[in-house]
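Please work through the following exercises with the sequence and the structure side by side. Try each task before reading its solution.

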Amino acid sequence: MCGIVGYIGTEDAKEILLRGLEKLEYRGYDSAGIAVINDGGVSLFKEKGRIATLRDSVDENEQGTAGIGHTRWATHGAPSQVNAHPHQSNNDRYTIVHNGVIENYSQLRKEHLQNVELTSDTDTEIIVQLVEHFAKEGKSTEAAFRKTLSLLKGSYATALLDNEDPDTIYVGKNKSPLLVGLADGVNVVASDAMAMLQVTNEFVELMDEEVVIVKRDKVTIKTLDGLEVSRDSYIAELDASDIEKGTYPHYMLKEIDEQPYVIRNIITKYKDDNDTIKLDEDIREAVLDADRIYVIAAGTSYHAGLVGKQLIEKIANKPVETHIASEFLYNMPLLSEKPLFIFISQSGETADSRGVLVNIKELGHKSLTITNVPGSTLSREADYTLHTYAGPEIAVASTKAYTAQMAVLAILAVDTAHAGGVEMEFDPLQELAIVANAMETLTDQKESLEQVAREYLSVTRNCFFIGRAMDYHVCLEGALKLKEISYIQAEGFAGGELKHGTIALIEEGTPVIGLATQEHVNLSIRGNMKEVVSRGAYPCLISMEGFEDEGDAIVIPRVHEYLTPLVSVLPLQLISYYAALHRGCDVDKPRNLAKSVTVE
Ligand code: F6R
């Protein structure tokens with residue numbers, strides 16, 4: 001989703017800003033822009049489309065050493081050059097970039113900007129016009145900025161330039177993430193540390209309703225009331241090489257291939273010296289103490305949560321409900337007496353999940369976030385965090401974060417079972433090591449999976465995925481993966497539910513991918529595959545060693561039945577990847593999608 005960068009130093013700002021925006025491309029955007037400031041004023045460049053287009057439009061002779069930049073994912077107003085950020089106030093004195101959504105923008109316009117003509121359709125422009133409005137009333141820029149932010153309802157991360165002061169960037173945030181990076185005689189601003197690793201790995205985190213006055217040699221954090229706040233910086237544990245593609249053609253393929261290493265990394269991180277699970281005692285107690293667990297997540301993380309429910313209920317004997325974050329707030333179930341909320345989020349920034357977290361905190365309930373980004377909003381604001389240790393996930397389509405989430409959920413389930421005295425013979429660390437090996441066997445079979453994609457998905461309009469039990473949850477994920485990057489209409493269905501309607505969609509040659517990796521439903525899902533074949537479907541069955549059959553398209557190595565989703569999803573990820581490639585789609589940056597969905 002939208003990204004922000006800012007730089008104030010001694011070097012060519014335009015180049016640093018453009019490079020920063022390129023690092024944020026993976027989050028999804030539809031237009032981009034930069035503003036560079038020097039003694040002569042602000043130069044503004046913005047374009048609809050890719051950063052490469054913006055780069056071409058930037059004046060090579062622009063020499064400013066400070067500026068701000070933005071990638072926009074349209075919410076208010078269509079993707080266009082006019083709506084792209086930065087936006088300027090009518091007298092051109094102020095220039096702003098903004099992430100988030102200002103909910104009361106029309107009300108603010110009515111109250112304060114009746115006679116101001118707006119140039120864009122965005123909520124963002126209201127912010128910059130308000131700053132100008134309050135500055136015209138005689139306020140200093142800092143005071144006008146603070147006053148403006150105090151009126152905003154909704155979410156914002158924002159950076160502002162003042163034409164009359166080329167040595168300052170003003171930033172502010174509420175609900176949307178924003179960091180200030182520190183270096184010698186140089187300071188930067190970024191909505192994601194990755195964008196500015198090119199300059200520094202030392203960052204200061206901002207809290208909601210804070211502003212920062214960023215100069216070359218000084219950074220001052222204040223509350224909206226103007227009180228100074230001091231905060232220690234931290235070193236981002238990110239290696240710039242983690243976010244490079246290396247020799248891979250796409251991040252998605254690299255991240256699919258990384259899954260065996262991620263699982264081994266998780267084993268190491270969650271193992272103590274006695275080869276048993278190492279988990280924070282407080283988390284253990286919180287889970288044990290709960291009478292019901294509510295898992296809240298969106299998209300792929302929600303699919304991991306569906307598997308997590310099965311794992312925790314089966315292994316730890318504790319009731320779990322998994323909910324779609326965006327629905328939970330508007331359709332809240334009756335809660336048990338002692339609920340524990342588990343938020344699953346790769347980015348830790350998903351606004352829908354955060355909305356639920358804010359609400360359940362107000363109700364006084366405990367929360368645990370399972371995330372790939374420990375310093376993220378959902379991690380900071382929940383009572384506890386479990387890290388998925390998957391490393392930065394850059395491709396918009398989530399792959400390694402999903403399998404990592406399920407691995408951590410399995411560890412949590414077993415730890416809860418042990419702590420609660422539930423007898424069991426399942427050793428998750430040992431079984432996860434077998435999973436990592438099985439994943440490797442599958443990532444070595446790219447040629448045959450590419451062949452499946454070519455044969456089944458090169459020209460089709462739609463595709464169905466069917467499975468039962470946990471295979472069904474993996475089918476939902478397989479279908480999501482395929483539709484988001486190849487734009488084939490794909491749906492995952494419970495095998496037994498097909499004949500209650502969906503089977504009407506099966507025509508001659510319709511691809512149906514079946515999963516049969518759970519022994520107790522092996523025969524029944526094979527029966528469902530026969531039903532679709534007799535109506536003309538083109539079947540592709542993915543089964544598991546030990547109960548495979550002649551004619552199965554792919555046989556995956558045997559792993560423990562609780563952990564099959566971690567392995568069975570790999571062929572689906574690879575088939576989606578190759579299908580998108582064969583259809584000429586932009587795998588890492590699918591249309592309309594954003595990596596970190598920071599608006600509701
Ligand atoms: C799909 C995908 C999305 C995310 C969803 C939640 O490949 O990546 O469906 O899973 O937007 O994001 P997080 O996990 O960051 O909360």
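The exercises below move from a sheet to its strands, then to ring pairs, a loop residue and helices.

The model is predicted, so that local features need pLDDT of at least 70 and side-chain atom pairs count only at pLDDT 80 or more, while totals for chains, interfaces and linings use all residues. Residues are numbered from 1 along each chain as its sequence is written, and side-chain values use heavy atoms, with hydrogens and water left out.

**Exercise 1. The open sheet**

Task: Find the order of the strands in the open sheet and name its edge strands.

Solution: Begin with the terms: helices (H or I, at least four residues) and strands (E, at least two) are DSSP runs, numbered from the N terminus, and two strands pair if DSSP finds at least two bridges between them. Seven strands then follow one another as β5-β6-β7-β8-β12-β13-β14, with antiparallel pairing. The edges are β5 (87–88) and β14 (228–229), each of which pairs on one side only. At the β14 edge, two bridges join this strand to the antiparallel β13 (residues 219–223), and K222 stands opposite E228 of β14.

As a further step, look for helix α4 (residues 124–136), which lies across β5, β6 (94–99) and β7 (156–162) and runs at about 145 degrees to β6. Such angles run from 0 to 180 degrees between N-to-C directions, and the axes are lines fitted to C-alpha atoms, for helices over the stretch in contact, where contact means heavy atoms within 4.5 Å.

**Exercise 2. Strand β8 and its partners**

Task: Describe how strand β8 is joined to β7 and to β12, and state how many of its residues are buried.

Solution: Start with β7, which pairs with β8 in the antiparallel sense over seven bridges, the two being joined by a hairpin of two residues. Within this pairing, L161 has I169 of β8 as its bridge partner. Turn next to β12, which is joined to β8 by five bridges and runs antiparallel to it; here Y170 has I213 of β12 as its bridge partner. Finally, check the cover: nine of the ten residues of β8 (residues 165–174) are buried, buried meaning under 20% relative accessible area, exposed over 50%, and partly exposed in between (1.4 Å probe, protein chains only).

**Exercise 3. Aromatic pairs**

Task: Classify the ring pairs F203 with Y234 and Y577 with Y578.

Solution: Recall that rings of Phe, Tyr and Trp (its six-membered ring) pair if their centres lie within 6.5 Å, and that planes under 30 degrees apart count as stacked, over 60 as edge-to-face and the rest as tilted. A search of the whole structure finds ten aromatic pairs. For F203 and Y234, the centres are 6.4 Å apart and the planes lie at 35 degrees, so the pair is tilted. F203 belongs to strand β11 (residues 202–205) and Y234 to strand β15 (residues 234–235), so this pair ties together parts that are 31 residues apart in sequence. F203 counts as buried because its relative accessibility is 0%, whereas Y234 is partly exposed, with a relative accessible area of 31%. For Y577 and Y578, the centres are 5.0 Å apart and the planes lie at 75 degrees, so the pair is edge-to-face; both residues are buried.

**Exercise 4. A residue in a loop**

Task: Locate L206, decide whether L206 is buried or exposed, and list its contacts.

Solution: L206 is placed in the loop between β11 and β12 (210–214), and its relative accessibility of 1% is why L206 counts as buried. Leaving aside neighbours within four places in sequence, L206 is in contact with V171, K173, L178, V180, V212, R231 and R380. The C-alpha atoms of L206 and R231, which are 25 residues apart along the chain, are separated by 8.8 Å.

**Exercise 5. Two helices**

Task: Compare the span of α13 with its expected span, and find what the buried residues of α11 pack against.

Solution: The expected span is 1.5 Å times one less than the number of residues. Helix α13 (residues 400–419) has 20 residues and reaches 29 Å from its first C-alpha to its last, close to the expected 28 Å; 18 of its 20 residues are buried. For α11 (residues 351–362), the buried residues pack against β16 (292–297), α10 (325–328), β18 (339–345), β19 (366–371) and α12 (377–381). After α11 comes G364, whose phi is positive, near 85 degrees.
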